[in-house]
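User: I am new to this structure and should be grateful for a close look at one part of it. Please take a loop residue as the point of entry, and then set that part within the fold around it.

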Amino acid sequence: MLVTLPPVYGWGVEGHSIICKIAQSRLSDTAADAVKELLPKWAENDLGSVCSWADQVRFRYQWSPPLHYINTPETCSYLYTRDCKDDDGVTGRCVAGAINNYTSQLLTYNSASNQSQYNLTESLLFLSHFMGDVHQVYVLRNPQSIENFKFHHDKTTLMSIITALACGVCIRQGRQHHRCPLVHKKGSSSPSEERFYDSNLDSMVAAIQQNITSEWADQVKRWESCSLNKTACPDIYASEGIKAACDWAYKGVNQDSVLEDDYFLSRLPIVDWRLAQGGVRLAATLNRIFG
Ligand SMILES: [Zn+2]
């Protein structure tokens, strides 16, 4: 029997895990307690270990795939009213709508009625995952909708970029392994290459956290803030993601491009930066939710 592995989307397990580990380290005591209570016991209070659950149930929960992305027209902008809908045109069925929805559900935690009508464990896992998805640089669009694709690199995962950077291997192109347009040549050992060469999650998390408290420290307040005293602000993150995709991920790239050191080395800081933003904002959102 031929077993086909499900395709890996977006950040992949590693990217989601990094975002959730960063987030969990920034929770207020109240939020940390709520997260601990809501996490499944087997997760042993490690939010990072369950942040890809939403990808695992993607096909079991048949209503859920459109919640992982946003299809924008061929522009570098995003508008909720125009873009946040599924293929049937149902408004709100995109990653930004999903973040709003699961935030609302989690706000019923500790509500007066004491018994939420929602499965808040699932709400937490969905929110934590979608907060990662909305911060993607490479895959904000539907991986299955070819007509909305400019490039086939959309299925490229974070780890495959890192692997390519570190090892000079081809990047796996989603389900199709035909040609490999992204090839990295081994170059000189720059600090960022060295860092990713022995990349393991904990050292990446530590490196990003280090940047959050130094290089990006003056941006963090802005990342955390949410307009109009809202609890979650996914529209801001989605707009940034579309712009980052235009300005960085796909800029100067077409399907036949051979991307070398300068591409990876110039884009990796953007990947780090988005992971940091995702982690900081997930924490800020959970802190607002749980008080
Ligand atoms: Zn996803």
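Analyst: With 9 C-beta neighbours inside 10 Å, Glu44 counts as exposed, because a residue with 12 or fewer such neighbours is placed in that class. The model under discussion is a predicted one. Glu44 belongs to the loop that runs between H2 and H3. Its backbone deserves attention as well: phi of Glu44 is near 50 degrees, a positive value in a residue other than glycine.

Asn45 is found in the loop between H2 and H3 too. For Asn45, phi is near 60 degrees, again a positive value in a residue other than glycine. Asn45 has 12 C-beta neighbours inside 10 Å and therefore counts as exposed, since the limit for that class is 12 or fewer.

The loop leads on to H3, and the picture there is another one. Asp55 has its place in helix H3. This residue is buried, because 23 other C-beta atoms lie within 10 Å and 20 or more suffice for that description. Asp55 also has a partner far along the chain: the C-alpha atoms of Asp55 and Phe130 are separated by 9.9 Å, although their positions lie 75 residues apart in the count along the chain.

After H3 comes a further loop, between helix H3 (53-56) and helix H4 (80-83), and Thr72 lies in this loop. Unlike the exposed Glu44, Thr72 counts as buried, with 23 C-beta neighbours inside 10 Å. Thr72 and Lys85 are 13 residues apart in sequence, and their C-alpha atoms are 9.9 Å apart in space.

These residues may now be set within the whole chain. The secondary structure comes to 12 helices and 0 strands. Of the 291 residues of the chain, 43% count as buried. Among contacts between residues at least 6 apart in sequence, 74% join residues at least 24 apart.

Phe130, the partner of Asp55 named above, leads to the interior. The largest nonpolar core has 57 residues, and those with the most contacts inside it are Ile19, Val95, Ile99, Phe130 and Leu286. Several helices each supply at least two residues of this core, among them helix H1 (12-24), helix H2 (29-38), helix H5 (95-106) and helix H6 (120-133). Helix H9 (201-213), helix H11 (234-249) and helix H12 (261-290) also each supply at least two. H12 gives the most to this core, with 11 residues. In soluble globular proteins, nonpolar side chains tend to be buried together. Leu286 shows contacts across the sequence: leaving aside its neighbours within four places, Leu286 is in contact with Ala23, Leu27, Ala31 and Val35.

The packing of helices completes the account. Two packed helices are described by the angle between their axes and the distance between the axes.

For H5 and H6, the axes come within 9 Å and cross at roughly 145 degrees. H5 passes H6 in a left-handed crossing. From H5, the contact includes Val95, Ala98, Ile99 and Tyr102, and from H6 it includes Leu124, Leu127, Phe130 and Met131. By class, the contact of H5 with H6 has 11 nonpolar, 3 polar and 1 charged residues.

H6 also meets H1. The axes of H1 and H6 come within 9 Å and cross at roughly 110 degrees. That angle makes H1 roughly perpendicular to H6. The crossing of H1 past H6 is right-handed. In this contact, Gly15, His16, Ile19 and Cys20 in H1 meet Ser128, His129, Met131 and Gly132 in H6. The residues concerned comprise 3 nonpolar, 5 polar and no charged ones.

H1 has a further contact, with H9. The axes of H1 and H9 come within 10 Å and cross at roughly 50 degrees. H1 is therefore oblique to H9. H1 passes H9 in a right-handed crossing. Glu14, Ser17, Ile18, Lys21 and Ile22 of H1 make this contact with Leu201, Met204, Val205, Ile208 and Gln209 of H9. By class, the residues of the contact of H1 with H9 divide into 6 nonpolar, 2 polar and 2 charged.

In summary, the loop between H2 and H3 holds the exposed residues Glu44 and Asn45, whereas Asp55 in helix H3 is buried.

Methods: Residues are numbered from 1 along each chain as its sequence is written. This is a predicted model: local features need pLDDT of at least 70, side-chain atom pairs count only at pLDDT 80 or more; totals for chains, interfaces and linings use all residues. A nonpolar core is a set of buried Ala, Val, Leu, Ile, Met, Phe, Trp, Tyr and Cys residues joined through C-beta atoms within 7 Å. Helices (H or I, at least four residues) and strands (E, at least two) are DSSP runs, numbered from the N terminus. Two residues are in contact if their C-beta atoms, placed from the backbone, lie within 7 Å. Axes are lines fitted to C-alpha atoms, for helices over the stretch in contact, and angles run from 0 to 180 degrees between N-to-C directions. Angles under 35 degrees count as roughly parallel, over 145 as roughly antiparallel, 65 to 115 as roughly perpendicular and the rest as oblique. A crossing is left-handed if the near helix is turned anticlockwise from the far one by less than a right angle, and right-handed if clockwise. Ala, Val, Leu, Ile, Met, Phe, Trp, Tyr, Cys and Pro count as nonpolar, Asp, Glu, Lys and Arg as charged, and the others, Gly among them, as polar.
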